Amino acid sequence: MVATTLQETPLADAHRKAGARMVDFAGWNMPVQYKSIVAEHSAVRNKVGIFDVSHMGEFVVTGALASDFIQYVIANDLNKLAKADCALYTQLVRPNGGTVDDLIVYRRKDDFLIVVNASNIDKDWQWMQSHQAAFKDVQMRNISSDTALLALQGPHAVALLKDVAGEWVESMPSFTYGEGTAGDIKISFGRTGYTGEDGFEIFVDSAKAERLWNVLLEAGTKYGIEPCGLGARDTLRLEAGLPLYGHELDDQTSPLEAGLGWSVKLEKGDFVGRAALIDQKEKGLPKQLVCLKSEGKALPRQGYPVHADGQAVGTVTSGSQGIHVGYPIAFAYVPPRYGKVGQELAVAIRDSQVAAKVVQRPWYKRKK
């Protein structure tokens, strides 16, 4: 058996020094928690947390037809980004309607920055390259190995970044992009995130990542900042009703089935996967993602069967304790006839049928 060496981010040593518990995530040695998942989840909901998400991938697309190319390979409408320094959530879709990946596109002054999931960097790169040839004068660069990405999330995230990068960041709307400095460190950032809270995702040269991490931790002391691992990142995104690739999205599942129809613009014109998505919409979805609130203390987990009318009708894709909302929660796929809010279902947990109800998505929504 050949041993596989895990990849590490530029902050791996800093995580170990801080006592983080490290785990294998998509081939990366990543911190799952520092103090505890509950403490880190609560810090983000009530104060501010910082995450190392440098395992994510970044592509830069340039050229005269860059916007036409991106418009053709994504499901959302790039024309929404009418001016520079804006961001868009979208998906790459296969011709059969399945999801290659979900991602964020940033329109910058002279190019486009695309941020993809860590587990899909090579797949996404190859997928985009396979369509690039049809668009002359389009260039792509994979800058993932040169780029570190930190996520600053929580009610005090804006105040903290304002302290280190300048007061102007406070005026940035959600899903916009900016560039500046933190001390003498050049950074760029989007007012985006994956926790359901306000905050930023901050790009920095890999060689300067640890310095920036320390600058933000030191400046965040007065705000109660906590370094956070992937454990809290998962419970936070789930509570906020955000899908995770490999759980709610995959090559056999469409964005429409995942409840992401708001980000699919069929009327924009031709794009990869459009015909299959139109077909799904016209004929009806084979399955539907629902939010479940289950009774008691037993936790629904990925892979647990969901029952209705005395038989298994679906499967849990993600489940956890809703740390902030205070009850067990889960995403699950079921036939659409069982997907209405208020529908009574049950989750098979060990030897028990635990009562669960379909509820409105998301479970948690921050007050603005």
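Is Cys86 buried or exposed? Cys86 counts as buried, because its relative accessibility is 13% and the cut-off for buried is under 20%. Keep in mind that this is a predicted model. Two sheets give a handy way in: an open one of six strands, and a barrel that six strands close.

**The open sheet**

- Reading across the open sheet, the strand order is 10-11-12-9-3-13, and the pairing is mixed.
- Strand 10 (177–182) and strand 13 (226–228) sit at the edges with a single partner strand each, so one side of each has no neighbour in the sheet.
- From one strand to the next, the twist averages 30 degrees.
- Inside the sheet, strand 3 (residues 49–52) and strand 9 (residues 147–153) run antiparallel and are joined by four bridges.
- Look for Asp52 here: it stands opposite Leu150 in strand 9.
- Helix 5 (residues 157–165) packs on this sheet and touches strand 9, strand 10, strand 11 (185–190) and strand 12 (199–205). The direction of helix 5 makes about 35 degrees with that of strand 12.
- Helix 6 (residues 209–219) packs on the sheet too, touching strand 3, strand 9, strand 10, strand 11, strand 12 and strand 13. Its direction makes about 15 degrees with that of strand 9.

**A pocket by the open sheet's strands**

- The second largest pocket has a volume of about 350 Å³.
- It is lined by 15 residues, and the closest to its centre are Arg108, Thr147, Ser188, Phe203 and Asp205.
- Strand 10, strand 11 and strand 12 each supply at least two residues of that lining.

**The barrel**

- Going round the barrel, the order is 14-17-16-15-18-19, with antiparallel pairing.
- Neighbouring strands here are turned by 45 degrees against each other on average, direction ignored.
- Strand 14 (residues 288–294) pairs with strand 19 (residues 352–359) in the antiparallel sense, over four bridges.
- Cys291 stands opposite Val359 in strand 19.
- Helix 7 packs on this sheet by touching strand 16 (311–322) and strand 17 (327–334), and its direction makes about 120 degrees with that of strand 16.

**Cysteines**

- Cys291 is buried, with a relative accessible area of 2%.
- Cys86 is buried as well, at 13% relative accessibility.
- A disulfide is a covalent bond between the sulfur atoms of two cysteines. Searching the whole structure turns up zero of them.

**Two prolines**

- Pro243 is in the loop between helix 7 (230–239) and helix 8 (274–283).
- Despite that loop position, Pro243 counts as buried, at 7% relative accessibility.
- Beyond its neighbours within four places in sequence, Pro243 is in contact with Tyr89, Asp102, Tyr194, Arg237, Glu248, Leu249, Leu260, Phe331 and Arg361.
- One of those contacts, Phe331, is 88 residues away in sequence but 8.7 Å away in space, C-alpha to C-alpha.
- Arg361, another contact of Pro243, is joined to Pro362 by a cis peptide bond, with omega about 0 degrees.
- Pro362 itself is in the segment after strand 19.

**Positive phi outside glycine**

- Ala26 has a phi near 55 degrees, a positive value in a residue other than glycine.
- You'll find Ala26 in the loop between strand 1 (21–25) and strand 2 (28–33), where it counts as partly exposed at 38% relative accessibility.
- Asp85 also has a positive phi, near 70 degrees, and lies in the loop between helix 3 (66–73) and strand 5 (86–93).

Methods. Residues numbered from 1 in each chain as written. Predicted model: local features only at pLDDT ≥ 70, side-chain atom pairs only at ≥ 80, totals over all residues. Heavy atoms only, no water. Pairing = 2+ DSSP bridges. Axes fitted to C-alpha atoms, helices over the stretch in contact; angles between N-to-C directions. Contact = heavy atoms within 4.5 Å. Disulfide = S-S within 2.5 Å. Buried < 20%, exposed > 50% of the residue type's maximum accessible area, 1.4 Å probe, protein only. 1 Å grid on protein atoms, 1.4 Å probe; cavity = no way out; pocket = protein on both sides within 12 Å on 5 of 7 lines; lining within 4 Å. Points joined across faces, edges and corners; volume = space filled by probe spheres on them.
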